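Me: Could you take a close look at one part of this model for me? I'd like to begin with a single residue and then see how its surroundings fit into the whole chain.
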Amino acid sequence: MSTAATDWRARAADLRPDGRAVIDGRRVAAADGQNFDKHSPIDHRLLGPVARGQAADVDAAVRSARAAFDDGRWAGRPPAARKKVLQRFADKILAAKDELALLETLDMGKPIQYSLSVDVPATARCIAWYAEAVDKVYDEVAPTGRNALALITREPVGVVGAIVPWNYPMIMAAWKLGPALAAGNSVVLKPSEKSPYTALRLAEIALEAGLPPGVFNVVPGYGHEAGEALALHMEVDAIGFTGSTRTGRRMLEYASRSNLKRVYNELGGKSAFVVFDDFADVERAAKTVAGSMFFNQGESCNAPSRVLVHEAIADRFVEIVAAEAPKYRPADPLDATTVMGALVDATQLNTVMGYIDAGLSEGARCVTGGRQARAETGGFYVEPTVFDGVANSMKIAREEIFGPVMGVIRFRTEAEAIAIANDSPYGLQASVWSDNVNRAHRVARALRAGTVHVNQYDEDDITVPFGGYKQSGNGRDKSLHAFDKYTELKTTWLRIDAA
């Protein structure tokens, strides 16, 4: 069924999502019966009650995951057998694409066209990729003398706690689930209370695909309740967290207060998009940054919100970006033609508007946007906003905004550009635009970021790792490197006696 031919508003009106937790293969209410109401950011409609998971619910989920791991119902299967289940899981995700896309849009506000064309396919591809990878990752034999055999093998770490954000709920869950499940772990997933529904539905789909009960559990709830309980639990062996740097620090604290579990944080960003005057196609660079910055309402940890432009081309660059911005004007996310949807809730709306006010008060020039939009709908929308005349010391250049706000910083020299780009507590992603391959390579090497794009932005895929330097986190999602987070290395040294 095509996106344009589907009446998404009618389908949304008929939707009755199930907000109960998934523990040990069953839908269950919170142990104390508590719920919280989930409203959609598109128009503040009530979507329904969601189980308010607490420590008791997390404990039940972890005990279920531990039992599933210890009895080998999943970890004990050959890699090829786990592969088949995960392949079915990926196929069933695609089969449920309309339902999952609608849940994602209603839950966190992104346009339905992107939930369908980006989020659901990317989620399925991630699960399928790790399914294919699991029986192609070999262990090692170390060099020894004739009287010994030294094996270096990977084993699943055990019970993984996954805590994921609200901006890409399905994709972020898949980035944790894919390698963790493929390696043989059991998982307890805590989705954001702002976007719980697709995670809960994914758990049901996994069961339908043949994943044994207890291997994948989902406990919705608030971070300070369910999230904290999961990170503190003594039977959780590793935490995979994606979210704010502030909460990432807490994850490390919780590990120190409990069992020193591994903690892998994928945190915030303030990505630099550096355009030199020797790049001939200024229009392409400007249109690229607009599309990347305003995609997903700017609610992306790798959004190129610091745009560094050489002073010789800055006026032209800003002119083009300002002309592009209105093309991303927010509209109804359930309309198949909409390209910018709603921010996730009133808190995020107020946060973004606060940053816009800060930019104005600190002397930046608002070229376009800067206002709330569609307030009459009851939803949470902000115009795509471009600031010029930004200094790297300003609040809008130092802090992650998580909204459709970009700041243009002008520079004179290559050395100045590198210094400005690296003068940030974050180091998640960057981009360099130059027709001089020597300069492009030189600057890319100098930038302290986990991913550096050259003459494009965000065109990578599941085959390469994603993560950051500095306060953008540790460890890597995606690629074969993600297995490092969810496996232990074991050395087995065998003595072989001479005949």
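Is Phe276 buried or exposed, and what is its relative accessible area?

Reply: Happy to! Phe276 is buried, with a relative accessible area of 1%; buried means under 20%, exposed over 50% and partly exposed in between, using a 1.4 Å probe and protein chains only.

Before going further, a word on the ground rules. This is a predicted model, where local features need pLDDT of at least 70 and side-chain atom pairs count only at pLDDT 80 or more, while totals for chains, interfaces and linings use all residues. Residues are numbered from 1 along each chain as its sequence is written, and side-chain values use heavy atoms, with hydrogens and water left out.

Phe276 sits in the loop between strand 12 and helix 10. Helices here are DSSP runs of H or I with at least four residues, strands are runs of E with at least two, and both are numbered from the N terminus. Setting aside residues up to four places away in sequence, Phe276 touches His310, Ile313, Phe411, Glu414, Ala417, Val432, Trp433, Ser434, Arg439 and Val443, a contact being heavy atoms within 4.5 Å. Gly223 gives a contrast in distance: it is 53 residues from Phe276 along the chain, and the two C-alpha atoms are separated by 42 Å.

Phe411, one of those contacts, brings us to the rings. Phe, Tyr and Trp rings (the six-membered one for Trp) pair if their centres lie within 6.5 Å; planes under 30 degrees apart count as stacked, over 60 as edge-to-face and the rest as tilted. By this rule there are 11 aromatic pairs. One of them joins Trp175 and Phe466, a tilted pair with 5.3 Å from centre to centre and 55° between the planes. It links distant parts of the chain, 291 residues apart: Trp175 belongs to helix 6 (residues 169-182), and Phe466 to the loop between strand 21 (451-454) and strand 22 (469-470). Trp175 and Phe466 are both buried.

Phe276 has a ring partner too. The ring centres of Phe276 and Phe411 are 5.3 Å apart and the planes meet at 75°, so this pair is edge-to-face. Here as well distant parts of the chain are linked: Phe276, between strand 12 (272-275) and helix 10 (282-294), is 135 residues from Phe411 in strand 18 (residues 405-411). Phe411 is buried, just as Phe276 is.

Trp433, which Phe276 also touches, is part of an aromatic cluster with Phe273, Phe279 and Tyr457. Tyr457 leads on to helix 10, the home of Ser292. Apart from its neighbours within four places in sequence, Ser292 is in contact with Pro304 and Tyr457. Ser292 is buried at 18% relative accessible area.

Beyond helix 10, in the loop that runs to strand 13 (306-310), you will find Asn296. Most residues other than glycine have a negative phi. Asn296, however, has a positive phi near 60°, and at 3% relative accessibility it counts as buried. Lys478 also has a positive phi, near 70°. Its place is the loop between strand 22 and strand 23 (487-495), and at 6% relative accessible area it is buried.

For a residue on the exposed side, try Tyr138, in the loop between helix 5 (112-133) and strand 5 (140-142). At 69% relative accessibility, Tyr138 counts as exposed.

Now step back to the whole chain. It has 15 helices and 23 strands. Its radius of gyration is 23 Å, close to the 23 Å of the globule rule for 499 residues, so the chain is as compact as a globular protein of that length; the radius is taken over C-alpha atoms, and the rule is 2.2 Å times the number of residues to the power 0.38. Along the principal axes, the C-alpha atoms fill a box of roughly 80 × 60 × 45 Å. Of the 499 residues, 58% count as buried. Among contacts with a separation of 6 or more, 74% come from residues 24 or more positions apart.
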